[in-house]
Amino acid sequence: MSSPYFIRKSGASVLGRNARGGVRTKADRSRGLDPTKCGVVGKEEDRGCRAVVKEESEERSIGDHRKTDGKQLPTAPLCPPAGSRSTSRAVESQSRRAALRRAYLKVEYEEAEPKVERWEPPEWRQQLDNIRKMRIHRDAPVDHMGAEKCYDSQASPEVVVRYQVLVSLMLSSQTKDHVTAAAMQKLREHGLTVNSLLKMDDDMLGKLIYPVGFWKTKVKYLKQTAAILKEQYDGDIPDTLDGLMSLPGVGPKMAHLAMNIAWNRVSGIGVDTHVHRISNRLGWTRKQTKTPEGTRRDLEDWLPRELWSEINWLLVGFGQQVCEPLTPRCSECLNQLCCPSSHRSYPTKKPKLSPSGNPSRTPNKTPSSAKSALVGSPQVSCSNIAEETTPIDPPAEGRRTRARRGIPTIKPDPDAP
(Lines give C-alpha, C1' and ligand atoms only; values in the text may rest on other atoms or scores of the structure.)
Protein backbone atom coordinates (compact mmCIF):
# COMPACT_ATOMS: atom_id res chain seq x y z
CA MET A 1 0.00 0.00 0.00
CA SER A 2 3.02 2.22 -0.06
CA SER A 3 2.63 2.85 -3.75
CA PRO A 4 2.08 6.49 -4.71
CA TYR A 5 -1.07 5.48 -6.63
CA PHE A 6 -2.73 4.04 -3.56
CA ILE A 7 -1.48 6.85 -1.33
CA ARG A 8 -2.97 9.47 -3.62
CA LYS A 9 -6.26 7.63 -3.96
CA SER A 10 -6.65 7.02 -0.24
CA GLY A 11 -5.94 10.66 0.48
CA ALA A 12 -8.65 11.75 -1.95
CA SER A 13 -11.14 9.43 -0.30
CA VAL A 14 -10.26 10.74 3.17
CA LEU A 15 -10.65 14.28 1.99
CA GLY A 16 -14.01 13.42 0.45
CA ARG A 17 -15.22 11.85 3.70
CA ASN A 18 -13.96 14.77 5.76
CA ALA A 19 -15.71 17.20 3.44
CA ARG A 20 -18.97 15.28 3.77
CA GLY A 21 -18.55 15.01 7.50
CA GLY A 22 -17.93 18.67 8.03
CA VAL A 23 -14.12 18.85 7.98
CA ARG A 24 -12.85 22.02 6.40
CA THR A 25 -10.94 21.40 3.24
CA LYS A 26 -8.71 23.64 1.25
CA ALA A 27 -11.59 24.46 -1.14
CA ASP A 28 -13.80 25.41 1.80
CA ARG A 29 -11.11 27.62 3.30
CA SER A 30 -10.69 29.43 0.01
CA ARG A 31 -14.45 30.10 -0.20
CA GLY A 32 -14.64 31.14 3.50
CA LEU A 33 -17.11 28.50 4.65
CA ASP A 34 -17.45 27.16 8.15
CA PRO A 35 -16.93 23.42 8.18
CA THR A 36 -19.28 22.73 11.06
CA LYS A 37 -22.14 24.76 9.66
CA CYS A 38 -21.61 23.55 6.14
CA GLY A 39 -22.00 19.94 7.09
CA VAL A 40 -25.17 20.43 9.12
CA VAL A 41 -26.87 22.69 6.61
CA GLY A 42 -26.05 20.35 3.75
CA LYS A 43 -27.63 17.42 5.54
CA GLU A 44 -30.80 19.33 6.35
CA GLU A 45 -31.16 20.61 2.82
CA ASP A 46 -30.65 17.13 1.44
CA ARG A 47 -33.37 15.70 3.67
CA GLY A 48 -35.81 18.45 2.77
CA CYS A 49 -35.26 17.99 -0.97
CA ARG A 50 -35.82 14.28 -0.63
CA ALA A 51 -39.12 14.81 1.23
CA VAL A 52 -40.38 17.26 -1.38
CA VAL A 53 -39.55 14.91 -4.26
CA LYS A 54 -41.24 12.02 -2.47
CA GLU A 55 -44.42 14.02 -1.90
CA GLU A 56 -44.55 15.10 -5.58
CA SER A 57 -44.12 11.53 -6.83
CA GLU A 58 -46.91 10.29 -4.56
CA GLU A 59 -49.28 13.01 -5.71
CA ARG A 60 -48.49 12.21 -9.34
CA SER A 61 -49.21 8.49 -8.86
CA ILE A 62 -52.50 9.25 -7.08
CA GLY A 63 -53.61 11.57 -9.93
CA ASP A 64 -52.80 8.97 -12.56
CA HIS A 65 -54.72 6.36 -10.59
CA ARG A 66 -57.82 8.58 -10.50
CA LYS A 67 -57.65 9.29 -14.23
CA THR A 68 -57.53 5.60 -15.19
CA ASP A 69 -60.33 4.60 -12.72
CA GLY A 70 -58.11 2.31 -10.83
CA LYS A 71 -56.56 0.70 -13.86
CA GLN A 72 -52.84 0.66 -13.81
CA LEU A 73 -51.24 2.23 -16.87
CA PRO A 74 -48.61 0.24 -18.72
CA THR A 75 -45.17 1.46 -17.95
CA ALA A 76 -43.12 2.68 -20.87
CA PRO A 77 -39.84 0.90 -21.50
CA LEU A 78 -36.82 2.67 -20.23
CA CYS A 79 -34.83 4.18 -23.06
CA PRO A 80 -31.39 5.55 -22.77
CA PRO A 81 -30.95 9.26 -23.34
CA ALA A 82 -30.47 10.44 -26.91
CA GLY A 83 -26.87 11.46 -26.55
CA SER A 84 -25.64 8.32 -24.72
CA ARG A 85 -23.21 5.83 -26.17
CA SER A 86 -25.74 2.99 -25.95
CA THR A 87 -28.10 4.93 -28.18
CA SER A 88 -25.47 5.52 -30.84
CA ARG A 89 -24.45 1.87 -30.71
CA ALA A 90 -28.08 0.74 -31.10
CA VAL A 91 -28.56 3.03 -34.09
CA GLU A 92 -25.38 1.73 -35.66
CA SER A 93 -26.45 -1.90 -35.18
CA GLN A 94 -29.90 -1.21 -36.65
CA SER A 95 -28.43 0.50 -39.72
CA ARG A 96 -25.97 -2.39 -40.15
CA ARG A 97 -28.80 -4.93 -40.01
CA ALA A 98 -30.86 -2.91 -42.48
CA ALA A 99 -27.88 -2.77 -44.85
CA LEU A 100 -27.48 -6.53 -44.61
CA ARG A 101 -31.17 -7.02 -45.33
CA ARG A 102 -30.94 -4.73 -48.34
CA ALA A 103 -27.90 -6.60 -49.57
CA TYR A 104 -29.77 -9.91 -49.65
CA LEU A 105 -33.05 -8.42 -50.97
CA LYS A 106 -34.19 -10.06 -54.21
CA VAL A 107 -34.90 -7.48 -56.87
CA GLU A 108 -37.66 -8.40 -59.32
CA TYR A 109 -38.11 -6.49 -62.54
CA GLU A 110 -41.30 -6.20 -64.55
CA GLU A 111 -41.22 -8.27 -67.68
CA ALA A 112 -41.27 -6.00 -70.70
CA GLU A 113 -43.76 -6.84 -73.45
CA PRO A 114 -42.08 -8.54 -76.38
CA LYS A 115 -41.70 -6.26 -79.35
CA VAL A 116 -43.67 -7.44 -82.36
CA GLU A 117 -41.87 -6.77 -85.58
CA ARG A 118 -43.98 -4.98 -88.13
CA TRP A 119 -44.44 -7.15 -91.19
CA GLU A 120 -44.33 -5.63 -94.65
CA PRO A 121 -43.70 -7.02 -98.14
CA PRO A 122 -40.02 -7.00 -99.11
CA GLU A 123 -40.24 -4.96 -102.35
CA TRP A 124 -43.54 -3.14 -102.01
CA ARG A 125 -42.07 0.36 -102.45
CA GLN A 126 -40.45 -0.55 -105.76
CA GLN A 127 -43.65 -2.24 -106.92
CA LEU A 128 -45.72 0.81 -105.97
CA ASP A 129 -43.37 3.17 -107.81
CA ASN A 130 -43.62 1.02 -110.93
CA ILE A 131 -47.43 1.06 -110.76
CA ARG A 132 -47.38 4.86 -110.48
CA LYS A 133 -45.23 5.04 -113.59
CA MET A 134 -47.66 2.83 -115.50
CA ARG A 135 -50.63 4.91 -114.29
CA ILE A 136 -49.08 8.29 -115.02
CA HIS A 137 -51.40 9.01 -117.96
CA ARG A 138 -54.60 8.21 -116.03
CA ASP A 139 -56.39 6.86 -119.07
CA ALA A 140 -58.10 3.85 -117.48
CA PRO A 141 -61.92 3.60 -117.42
CA VAL A 142 -61.99 4.36 -113.69
CA ASP A 143 -60.28 7.70 -114.35
CA HIS A 144 -63.12 8.91 -116.59
CA MET A 145 -66.18 6.94 -115.48
CA GLY A 146 -65.49 6.04 -111.87
CA ALA A 147 -67.53 7.05 -108.83
CA GLU A 148 -65.56 10.28 -108.56
CA LYS A 149 -66.63 11.31 -112.08
CA CYS A 150 -70.29 10.26 -112.12
CA TYR A 151 -71.83 12.82 -109.79
CA ASP A 152 -72.66 16.41 -110.69
CA SER A 153 -69.96 18.54 -109.08
CA GLN A 154 -71.95 21.71 -109.89
CA ALA A 155 -75.05 20.56 -108.04
CA SER A 156 -76.32 22.69 -105.17
CA PRO A 157 -76.46 22.30 -102.24
CA GLU A 158 -73.64 19.99 -101.21
CA VAL A 159 -76.16 17.56 -99.75
CA VAL A 160 -77.17 16.64 -103.30
CA VAL A 161 -73.54 16.08 -104.32
CA ARG A 162 -72.94 13.72 -101.41
CA TYR A 163 -76.14 11.81 -102.17
CA GLN A 164 -75.15 11.36 -105.80
CA VAL A 165 -71.75 10.02 -104.70
CA LEU A 166 -73.51 7.42 -102.56
CA VAL A 167 -75.86 6.41 -105.39
CA SER A 168 -72.99 6.00 -107.87
CA LEU A 169 -71.14 3.76 -105.40
CA MET A 170 -74.23 1.63 -104.85
CA LEU A 171 -74.72 1.18 -108.61
CA SER A 172 -71.03 0.35 -109.23
CA SER A 173 -71.18 -2.93 -107.32
CA GLN A 174 -70.68 -5.87 -109.74
CA THR A 175 -70.94 -3.45 -112.68
CA LYS A 176 -68.58 -2.11 -115.31
CA ASP A 177 -67.65 1.55 -115.07
CA HIS A 178 -69.19 2.55 -118.38
CA VAL A 179 -72.51 0.92 -117.43
CA THR A 180 -72.52 2.77 -114.11
CA ALA A 181 -71.72 6.06 -115.81
CA ALA A 182 -74.60 5.61 -118.29
CA ALA A 183 -77.08 4.83 -115.52
CA MET A 184 -75.96 7.83 -113.51
CA GLN A 185 -76.33 10.08 -116.54
CA LYS A 186 -79.97 9.00 -117.02
CA LEU A 187 -80.74 9.49 -113.34
CA ARG A 188 -79.23 12.96 -113.31
CA GLU A 189 -81.35 13.96 -116.30
CA HIS A 190 -84.45 13.18 -114.21
CA GLY A 191 -83.10 15.06 -111.18
CA LEU A 192 -81.18 12.80 -108.82
CA THR A 193 -82.17 13.91 -105.32
CA VAL A 194 -83.69 12.15 -102.33
CA ASN A 195 -87.15 13.63 -102.94
CA SER A 196 -87.18 12.97 -106.69
CA LEU A 197 -86.13 9.34 -106.22
CA LEU A 198 -88.86 8.77 -103.61
CA LYS A 199 -91.48 10.15 -106.02
CA MET A 200 -90.25 7.86 -108.82
CA ASP A 201 -91.99 4.51 -109.16
CA ASP A 202 -90.03 1.24 -109.17
CA ASP A 203 -90.60 0.48 -112.85
CA MET A 204 -89.31 3.85 -113.95
CA LEU A 205 -86.28 3.58 -111.68
CA GLY A 206 -85.53 0.10 -112.97
CA LYS A 207 -85.60 1.31 -116.59
CA LEU A 208 -83.20 4.14 -115.79
CA ILE A 209 -80.55 2.02 -114.06
CA TYR A 210 -80.82 -1.02 -116.32
CA PRO A 211 -78.53 -2.93 -117.16
CA VAL A 212 -76.46 -2.55 -113.99
CA GLY A 213 -75.75 -5.75 -112.12
CA PHE A 214 -78.60 -6.93 -109.87
CA TRP A 215 -80.68 -3.94 -110.92
CA LYS A 216 -83.91 -5.25 -109.35
CA THR A 217 -82.26 -5.58 -105.94
CA LYS A 218 -80.64 -2.17 -106.30
CA VAL A 219 -84.03 -0.55 -107.02
CA LYS A 220 -85.23 -1.80 -103.65
CA TYR A 221 -82.03 -0.66 -101.87
CA LEU A 222 -82.17 2.81 -103.42
CA LYS A 223 -85.78 3.31 -102.32
CA GLN A 224 -85.09 2.15 -98.75
CA THR A 225 -81.93 4.25 -98.46
CA ALA A 226 -83.68 7.40 -99.68
CA ALA A 227 -86.46 6.96 -97.11
CA ILE A 228 -83.92 6.48 -94.27
CA LEU A 229 -81.91 9.53 -95.31
CA LYS A 230 -84.99 11.74 -95.38
CA GLU A 231 -86.31 10.59 -92.01
CA GLN A 232 -83.07 10.32 -89.99
CA TYR A 233 -80.48 12.55 -91.70
CA ASP A 234 -82.60 15.38 -93.21
CA GLY A 235 -81.73 14.30 -96.77
CA ASP A 236 -77.96 14.09 -96.16
CA ILE A 237 -75.80 10.97 -95.91
CA PRO A 238 -74.23 9.79 -92.61
CA ASP A 239 -70.80 11.18 -91.77
CA THR A 240 -69.61 8.07 -89.93
CA LEU A 241 -68.51 4.66 -91.13
CA ASP A 242 -71.03 2.79 -89.00
CA GLY A 243 -73.84 5.04 -90.15
CA LEU A 244 -73.04 4.42 -93.81
CA MET A 245 -72.78 0.65 -93.38
CA SER A 246 -76.16 0.61 -91.64
CA LEU A 247 -77.82 1.66 -94.92
CA PRO A 248 -79.27 -1.10 -97.14
CA GLY A 249 -76.88 -2.29 -99.84
CA VAL A 250 -73.83 -0.38 -98.50
CA GLY A 251 -70.78 -2.47 -97.57
CA PRO A 252 -67.33 -1.64 -96.18
CA LYS A 253 -65.86 -0.77 -99.58
CA MET A 254 -68.63 1.71 -100.43
CA ALA A 255 -68.54 3.20 -96.92
CA HIS A 256 -64.78 3.87 -97.00
CA LEU A 257 -64.94 5.37 -100.49
CA ALA A 258 -67.94 7.52 -99.55
CA MET A 259 -66.11 8.86 -96.50
CA ASN A 260 -63.14 9.73 -98.71
CA ILE A 261 -65.00 11.25 -101.67
CA ALA A 262 -68.04 12.85 -100.01
CA TRP A 263 -66.62 13.88 -96.63
CA ASN A 264 -62.89 14.07 -97.49
CA ARG A 265 -61.99 11.79 -94.57
CA VAL A 266 -59.79 8.72 -94.80
CA SER A 267 -61.36 5.96 -92.70
CA GLY A 268 -59.92 2.92 -94.47
CA ILE A 269 -58.98 1.32 -97.78
CA GLY A 270 -61.71 0.61 -100.29
CA VAL A 271 -60.99 -2.89 -101.56
CA ASP A 272 -62.86 -4.18 -104.61
CA THR A 273 -62.13 -7.15 -106.85
CA HIS A 274 -59.18 -5.42 -108.54
CA VAL A 275 -57.46 -4.42 -105.29
CA HIS A 276 -58.14 -7.86 -103.82
CA ARG A 277 -56.70 -9.70 -106.82
CA ILE A 278 -53.61 -7.53 -107.33
CA SER A 279 -52.70 -7.44 -103.63
CA ASN A 280 -52.61 -11.22 -103.53
CA ARG A 281 -50.62 -11.42 -106.76
CA LEU A 282 -48.00 -8.94 -105.54
CA GLY A 283 -47.67 -10.66 -102.17
CA TRP A 284 -48.97 -7.68 -100.20
CA THR A 285 -50.81 -9.98 -97.77
CA ARG A 286 -49.31 -12.33 -95.20
CA LYS A 287 -51.09 -15.21 -96.87
CA GLN A 288 -53.56 -15.61 -99.68
CA THR A 289 -56.85 -14.04 -98.62
CA LYS A 290 -60.21 -15.25 -99.83
CA THR A 291 -62.34 -12.13 -99.36
CA PRO A 292 -61.83 -8.41 -100.03
CA GLU A 293 -62.47 -7.69 -96.36
CA GLY A 294 -59.57 -9.94 -95.35
CA THR A 295 -57.36 -8.17 -97.87
CA ARG A 296 -58.36 -4.79 -96.45
CA ARG A 297 -57.36 -5.82 -92.92
CA ASP A 298 -53.98 -7.12 -94.11
CA LEU A 299 -53.26 -3.97 -96.11
CA GLU A 300 -54.19 -1.62 -93.28
CA ASP A 301 -51.83 -3.49 -90.92
CA TRP A 302 -48.65 -2.46 -92.75
CA LEU A 303 -49.47 0.13 -95.43
CA PRO A 304 -48.82 3.74 -94.26
CA ARG A 305 -52.04 5.68 -93.68
CA GLU A 306 -51.08 8.49 -96.05
CA LEU A 307 -51.30 6.00 -98.95
CA TRP A 308 -54.78 4.65 -98.15
CA SER A 309 -56.66 7.14 -100.30
CA GLU A 310 -54.34 6.63 -103.27
CA ILE A 311 -54.07 2.87 -103.37
CA ASN A 312 -57.63 2.22 -104.58
CA TRP A 313 -57.62 4.17 -107.82
CA LEU A 314 -54.01 3.13 -108.54
CA LEU A 315 -54.72 -0.60 -108.34
CA VAL A 316 -58.16 -0.39 -109.98
CA GLY A 317 -56.78 1.33 -113.08
CA PHE A 318 -53.75 -0.99 -113.08
CA GLY A 319 -56.07 -3.99 -112.97
CA GLN A 320 -58.18 -2.67 -115.83
CA GLN A 321 -55.24 -2.07 -118.15
CA VAL A 322 -52.36 -4.40 -117.25
CA CYS A 323 -53.03 -6.89 -114.45
CA GLU A 324 -56.27 -8.24 -115.87
CA PRO A 325 -58.16 -11.06 -114.14
CA LEU A 326 -57.77 -13.85 -116.73
CA THR A 327 -54.92 -12.79 -118.99
CA PRO A 328 -52.50 -10.48 -117.15
CA ARG A 329 -50.05 -8.71 -119.42
CA CYS A 330 -46.92 -9.61 -117.51
CA SER A 331 -44.65 -8.86 -120.49
CA GLU A 332 -45.82 -5.22 -120.44
CA CYS A 333 -45.64 -4.83 -116.65
CA LEU A 334 -42.70 -3.09 -114.99
CA ASN A 335 -43.04 -5.44 -112.01
CA GLN A 336 -42.41 -8.62 -113.96
CA LEU A 337 -39.00 -9.10 -112.28
CA CYS A 338 -40.17 -8.39 -108.72
CA CYS A 339 -43.69 -9.84 -108.80
CA PRO A 340 -44.02 -13.34 -107.29
CA SER A 341 -46.94 -14.13 -109.64
CA SER A 342 -45.26 -12.97 -112.85
CA HIS A 343 -45.77 -15.10 -115.99
CA ARG A 344 -48.10 -17.57 -114.36
CA SER A 345 -50.92 -19.23 -116.25
CA TYR A 346 -54.41 -18.49 -114.98
CA PRO A 347 -56.83 -21.08 -116.43
CA THR A 348 -60.37 -19.92 -116.90
CA LYS A 349 -61.90 -23.23 -115.80
CA LYS A 350 -60.64 -25.97 -113.56
CA PRO A 351 -60.43 -29.48 -115.07
CA LYS A 352 -63.24 -31.80 -114.06
CA LEU A 353 -62.26 -34.63 -111.76
CA SER A 354 -63.20 -38.23 -112.51
CA PRO A 355 -64.65 -40.48 -109.75
CA SER A 356 -61.11 -41.76 -109.09
CA GLY A 357 -59.91 -38.21 -108.35
CA ASN A 358 -57.82 -37.75 -111.52
CA PRO A 359 -58.61 -35.12 -114.13
CA SER A 360 -60.84 -36.62 -116.81
CA ARG A 361 -59.63 -36.51 -120.37
CA THR A 362 -62.15 -35.00 -122.72
CA PRO A 363 -61.90 -35.69 -126.47
CA ASN A 364 -60.61 -32.91 -128.63
CA LYS A 365 -63.54 -31.00 -130.04
CA THR A 366 -63.71 -28.22 -132.51
CA PRO A 367 -64.62 -24.90 -130.86
CA SER A 368 -68.09 -23.55 -131.48
CA SER A 369 -66.66 -20.55 -133.33
CA ALA A 370 -64.81 -22.88 -135.69
CA LYS A 371 -67.98 -24.91 -136.21
CA SER A 372 -69.97 -21.85 -137.09
CA ALA A 373 -67.26 -20.78 -139.54
CA LEU A 374 -67.27 -24.17 -141.13
CA VAL A 375 -71.05 -24.30 -141.28
CA GLY A 376 -71.12 -20.95 -143.07
CA SER A 377 -68.89 -22.22 -145.89
CA PRO A 378 -70.73 -23.87 -148.83
CA GLN A 379 -68.37 -26.86 -149.12
CA VAL A 380 -68.62 -28.08 -145.51
CA SER A 381 -71.67 -29.41 -143.66
CA CYS A 382 -72.30 -30.44 -140.05
CA SER A 383 -71.95 -34.11 -140.94
CA ASN A 384 -68.49 -33.50 -142.32
CA ILE A 385 -67.57 -31.73 -139.05
CA ALA A 386 -68.77 -34.75 -137.07
CA GLU A 387 -66.81 -37.09 -139.30
CA GLU A 388 -63.65 -35.04 -138.83
CA THR A 389 -63.95 -34.62 -135.08
CA THR A 390 -65.12 -38.15 -134.10
CA PRO A 391 -63.82 -41.45 -135.53
CA ILE A 392 -66.31 -43.16 -137.85
CA ASP A 393 -65.17 -46.68 -137.14
CA PRO A 394 -63.30 -48.05 -134.17
CA PRO A 395 -59.81 -49.50 -134.73
CA ALA A 396 -59.31 -52.88 -136.45
CA GLU A 397 -58.60 -54.64 -133.15
CA GLY A 398 -61.82 -53.27 -131.78
CA ARG A 399 -63.76 -54.58 -134.75
CA ARG A 400 -62.39 -58.05 -134.31
CA THR A 401 -63.11 -57.96 -130.61
CA ARG A 402 -66.66 -56.76 -131.18
CA ALA A 403 -67.18 -59.43 -133.86
CA ARG A 404 -66.00 -62.15 -131.55
CA ARG A 405 -68.32 -60.93 -128.79
CA GLY A 406 -71.23 -60.57 -131.17
CA ILE A 407 -71.57 -56.82 -130.67
CA PRO A 408 -72.59 -55.02 -133.87
CA THR A 409 -70.43 -52.11 -135.01
CA ILE A 410 -72.25 -48.78 -134.92
CA LYS A 411 -71.76 -46.59 -137.97
CA PRO A 412 -73.11 -43.07 -138.43
CA ASP A 413 -75.96 -42.60 -140.85
CA PRO A 414 -74.70 -40.69 -143.92
CA ASP A 415 -78.16 -39.21 -144.49
CA ALA A 416 -78.32 -37.73 -140.99
CA PRO A 417 -78.25 -33.88 -140.85
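## Working through an all-helix model

The protein chain has 20 helices and zero strands, taken as DSSP runs numbered from the N terminus (H or I of at least four residues for helices, E of at least two for strands). This is a predicted model, where local features need pLDDT of at least 70, side-chain atom pairs count only at pLDDT 80 or more, and totals for chains, interfaces and linings use all residues. Residues are numbered from 1 along each chain as its sequence is written, and side-chain values use heavy atoms, with hydrogens and water left out.

**Exercise 1.** Find which residues of the largest nonpolar core touch the most other members, and which helices supply the core.

*Solution.* Start with the terms. Buried means under 20% relative accessible area, exposed over 50%, and partly exposed in between (1.4 Å probe, protein chains only). A nonpolar core is a set of buried Ala, Val, Leu, Ile, Met, Phe, Trp, Tyr and Cys residues joined through side-chain atoms within 4.5 Å.

Step 1: the largest such core has 36 residues, and Tyr 163, Val 167, Leu 171, Leu 187, Leu 205 and Ile 209 touch the most other members.

Step 2: at least two core residues come from each of α7 (147-150), α8 (158-171), α9 (177-189), α10 (194-199), α11 (202-209), α12 (215-232) and α14 (252-261). The largest share, seven residues, belongs to α8.

Step 3: zoom in on Leu 205. Skipping neighbours within four places in sequence, Leu 205 is in contact (heavy atoms within 4.5 Å) with Leu 187, Leu 197, Met 200, Val 219, Leu 222 and Lys 223.

**Exercise 2.** Work out how α8 and α12 pack.

*Solution.* Step 1: the angle is about 155°, with the axes 11 Å apart; axes are lines fitted to C-alpha atoms, for helices over the stretch in contact, and angles run from 0 to 180 degrees between N-to-C directions.

Step 2: that makes α8 roughly antiparallel to α12. The cut-offs are under 35 degrees for roughly parallel, over 145 for roughly antiparallel, 65 to 115 for roughly perpendicular, and oblique for the rest.

Step 3: Tyr 163, Leu 166, Val 167, Met 170 and Leu 171 of α8 meet Lys 218, Tyr 221, Leu 222, Thr 225, Ala 226 and Leu 229 of α12.

Step 4: sort the residues of this contact and you get nine nonpolar, one polar and one charged. Here Ala, Val, Leu, Ile, Met, Phe, Trp, Tyr, Cys and Pro count as nonpolar, Asp, Glu, Lys and Arg as charged, and the others, Gly among them, as polar.

**Exercise 3.** Do the same for α15 (273-282) and α17 (308-321).

*Solution.* Step 1: these two pack at about 85°, with their axes 8 Å apart. α15 and α17 are therefore roughly perpendicular to each other.

Step 2: α15 brings His 274, Val 275, Arg 277, Ile 278 and Ser 279, and α17 brings Asn 312, Leu 315, Val 316, Phe 318, Gly 319 and Gln 320.

Step 3: the class tally for α15 with α17 is five nonpolar, five polar and one charged.

**Exercise 4.** Look at three loops: what stands out in each?

*Solution.* Step 1: Thr 289, in the loop between α15 and α16, is buried, with a relative accessible area of 16%.

Step 2: a cis peptide bond joins Tyr 210 and Pro 211, with omega about 15°, and Pro 211 lies in the loop between α11 and α12.

Step 3: Asn 264, in the loop between α14 and α15, has a positive phi near 60° despite being a residue other than glycine. Asn 264 is exposed, at 65% relative accessible area.
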